[in-house]
Amino acid sequence: MLTDGLSQGRLQLSGWLVAEDRDTPYDGSESTPNPLEERTRIRVWLVTGDVRLTRRLGVQVTTTLPDVTRSADLFNYTETFKGLGDTSVIAWHRSVTFGWYMTVNGGVSLPTGKTELPRFRPELSDGGLVPVSRLQRGTGTYDPILGVSMNRLVGFIFSPGVRVFVSGAAGVPLAENEFGMRTGASVEGGAGASREVGWHPLIIIGRLSWLHRERDVFNGIPILVGGGNWLYLTPAAAVTLGKFTVQSEIKLPLYRNLANRQLDSAWSFQAGIAWQPF
């Protein structure tokens, strides 16, 4: 989870839940039948600590706790894992450039999640591997994370103004883990706006984002699950009450073009609470 840094306070602790149910197979951009009644239920908790070291510089640490179940009801098959996932450590720097508040992120994802030797069907399909077991809690490698975000208040729109923002982020695994698996790189960019409405502490947010994800690779051979392009619309709302901020959002795919036939969801949900004790 990338950060905009802390403009006020020295410490922020937060917890987030990301929920998604993938139950519709897509081939490219088209939905397809699901005769095996396959589905993947994803629940990921994120626990984050953000510390401002100086006026412009800080560090964020985020630990993931995934709880994922993959099933095929026709065969009464279930595969589940939950526990500690990977942990990211990110340094951030805030500055002001031509009226824009800019935050630059740079860090690494640490392989604290469990990895296992993946299993595949003995035959290739279209030159790629077809996995039998798909669930991993972590990448098993030290992966660079980069990001930048910019925002500014546009005061002449709907007084007292609208805050507009743009952002970009990338996770770029560079090496294979001990089992020969390399997680696909991902790149995301987006833009949006936020505004206080009605009740003063209430902020509504709208964001449009594009996500590109590469397929995973095993010993140099691509895996036929994952990868593709998504365009998302994300409405959100946040409320600040004293030292606490509560936020929730729904991520709606407007367009998708998947690299292969795979399950995807109609929407995903994220909610969290942040606390700044001082």
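# Contacts and exposure in an all-strand model

Colleague: With neighbours within four places in sequence left aside, which residues is Thr183 in contact with?
Modeller: The model is a predicted one, and a contact here needs heavy atoms within 4.5 Å. Thr183 sits in the loop that joins β13 (181-182) to β14 (186-196). Outside its neighbours within four places in sequence, Thr183 has as contacts Thr139, Pro173 and Asp216.

Colleague: Is Thr183 buried, partly exposed or exposed?
Modeller: Buried requires a relative accessible area under 20%, and exposed requires over 50%. Thr183 has a relative accessible area of 24%, so the class is partly exposed.

Colleague: How far apart in space are Thr183 and Asp143, C-alpha to C-alpha?
Modeller: In sequence, 40 residues separate Thr183 from Asp143. In space, the C-alpha atoms of the two residues are separated by 9.4 Å.

Colleague: How many helices and how many strands are there in the protein?
Modeller: The elements named for Thr183, β13 and β14, are strands. The count for the protein is zero helices and 21 strands.

Colleague: What radius of gyration does the protein have, and what would a compact globule have?
Modeller: The C-alpha atoms fill a box of roughly 60 × 35 × 30 Å along the principal axes. For 278 residues, the rule for a compact globule gives a radius of gyration near 19 Å, so the protein agrees with the rule at 20 Å.

Colleague: What share of the residues counts as buried?
Modeller: The exposed surface of the protein comes to about 14,900 Å², with 61% of it supplied by carbon and sulfur atoms. Of the 278 residues, the share that counts as buried is 39%.

Colleague: Among contacts between residues at least 6 apart in sequence, what percentage joins residues at least 24 apart?
Modeller: One contact of this kind is between Ser14 and Ile273. Among contacts in the protein between residues at least 6 apart, those joining residues at least 24 apart make up 61%.

Colleague: How far apart are the centres of the positive and negative side chains?
Modeller: The protein carries 27 positive and 25 negative side chains. The centres of these two sets are separated by 9 Å.

Colleague: Which side chain makes a polar contact with the side chain of Gln276?
Modeller: Gln276 is in the segment after β21 (268-275). With residues up to four places away not counted, Gln276 touches Leu6, Gln8, Gly9, Leu11, Gln12 and Lys243. A polar contact of 3.0 Å joins the side chain of Gln276 to that of Gln12.

Colleague: Why is Gln276 classed as partly exposed?
Modeller: The partly exposed class lies between the buried limit of under 20% and the exposed limit of over 50%. Gln276 is partly exposed because its relative accessible area is 24%.

Colleague: Is Ser14 buried or exposed?
Modeller: Ser14 is part of strand β1 (residues 11-22). Among its contacts beyond four places in sequence are Leu46, Val47 and Thr48, as well as Ala274. With 10% relative accessibility against a limit of under 20%, Ser14 counts as buried.

Colleague: Which side chain makes a polar contact with the side chain of Ser14?
Modeller: Polar contacts are pairs of N or O atoms within 3.5 Å. At 3.4 Å, the side chain of Ser14 has a polar contact with the side chain of Trp16.

Colleague: What is the phi of Glu37?
Modeller: Glu37 belongs to the loop between β3 (30-31) and β4 (38-52). Most residues other than glycine have a negative phi. Glu37 is not a glycine, yet its phi is positive, at about 55°.

Colleague: In which loop is Asn219, a residue other than glycine with a positive phi?
Modeller: Asn219 has a phi near 50°. The loop that holds Asn219 is the one between β16 (217-218) and β17 (221-222).

Colleague: Which residues does Gly155 touch, residues up to four places away in sequence not counted?
Modeller: Gly155 lies in the loop between β11 (143-154) and β12 (162-171). Gly155 counts as partly exposed, at 46% relative accessibility. Its contacts beyond four places in sequence are Pro160 and Gly161.

Colleague: Which residues is Gly171 in contact with, neighbours within four places in sequence aside?
Modeller: Gly171 is in strand β12. Its C-alpha lies 18 Å from that of Thr115, which is 56 residues apart in sequence. Beyond its neighbours within four places, Gly171 is in contact with Pro144, Ala185 and Ser186.

Note on methods. Residues are numbered from 1 along each chain as its sequence is written. This is a predicted model: local features need pLDDT of at least 70, side-chain atom pairs count only at pLDDT 80 or more; totals for chains, interfaces and linings use all residues. Side-chain values use heavy atoms; hydrogens and water are left out. Helices (H or I, at least four residues) and strands (E, at least two) are DSSP runs, numbered from the N terminus. The radius of gyration is taken over C-alpha atoms; the globule rule is 2.2 Å times the number of residues to the power 0.38. Buried means under 20% relative accessible area, exposed over 50%, partly exposed in between (1.4 Å probe, protein chains only). Accessible areas come from the Shrake-Rupley method with a 1.4 Å probe; for residues, only the protein chains shown count as cover. Lys and Arg count as positive and Asp and Glu as negative; His and the chain ends are not counted. The place of a charge is taken as NZ of Lys, CZ of Arg, CG of Asp or CD of Glu. A polar contact is a pair of N or O atoms within 3.5 Å; within protein, one must be able to donate a hydrogen and the other to accept it, and residues adjacent in sequence count only if both atoms are side-chain atoms.
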